[in-house]
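Student: I have not seen this structure before. Could we go through it by question and answer?

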Amino acid sequence: MIEAAKRRNQAHARKVRFVCASLAQADLGDEVYDKAFAVHVAALHRPGDELDIVRRRLAAGGRLYLFSQAPGLNAPEYAERFGAELAGVLGEAGFDVEDAPIKDLGSGFAAAVIARASR
């Protein structure tokens with residue numbers, strides 16, 4: 001998984017750190033990040049320690065990008081509802097939601113939420 005991501009993002013690989021670990025177990029030292037991307041990470045879809053870890057790891061003005069293309073997102077209203085529910089969870093977890101776009105990928109809809117850690 002990590003090697004495939006590195007190949008797909010080869011032009012940016014020197015600026016990116018790919019980590020495959022649970023958030024609670026990842027050895028991140030005292031690092032903070034400008035951007036965190038998560039695709040199909042259910043632990044970030046609900047309040048809890050994982051969202052708190054991500055929020056604390058984001059630099060001032062840093063953003064969290066959450067993406068999902070779950071099988072149930074087969075109509076725009078389902079994707080919009082998923083994005084709205086996730087935006088509510090992030091708001092309660094100390095994030096300011098900036099956008100919740102959806103996109104028709106032809107095989108279903110993808111939903112995303114872009115949020116900035118509140119300071």
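Student: Which residues are exposed on the other side of H3, away from its buried ones?
Tutor: This is a predicted model. The buried residues of H3 include Ala 79, Gly 83 and Leu 90. They cover an arc of only 160° around the axis, so they lie on the same side of H3. On the other side, the exposed residues are Ala 84, Glu 85 and Glu 92.

Student: What span should the 17 residues of H3 have?
Tutor: The reckoning uses 1.5 Å a residue. The end C-alpha atoms of H3 are 24 Å apart, and this agrees with the expected span because that is also 24 Å.

Student: What covers the buried residues of H3?
Tutor: The cover includes H2 and four strands, E2, E3, E4 and E5. One buried residue of H3 is Leu 90. Leaving aside neighbours within four places in sequence, the contacts of Leu 90 include Leu 51, Leu 64, Phe 95 and Val 113. So the cover, as far as it is listed, includes H2, E2, E3, E4 and E5.

Student: How many residues of E5 are buried?
Tutor: E5 pairs antiparallel with E2 over six bridges, with E3 over four and with E4 over three. E5 is mostly covered, and of its nine residues the number buried is eight.

Student: Which residue in the turn between E4 and E5 has a positive phi?
Tutor: E4 and E5 form a hairpin with four residues between them. Within E4, Ile 102 stands opposite Ala 111 of E5. The turn residue with a positive phi, about 90°, is Gly 106.

Definitions and conventions. Residues are numbered from 1 along each chain as its sequence is written. This is a predicted model: local features need pLDDT of at least 70, side-chain atom pairs count only at pLDDT 80 or more; totals for chains, interfaces and linings use all residues. Side-chain values use heavy atoms; hydrogens and water are left out. Contact means heavy atoms within 4.5 Å. Helices (H or I, at least four residues) and strands (E, at least two) are DSSP runs, numbered from the N terminus. The expected span of a helix is 1.5 Å times one less than its number of residues. Buried means under 20% relative accessible area, exposed over 50%, partly exposed in between (1.4 Å probe, protein chains only). The arc is that of the directions from the helix axis to the C-beta atoms. Two strands pair if DSSP finds at least two bridges between them.
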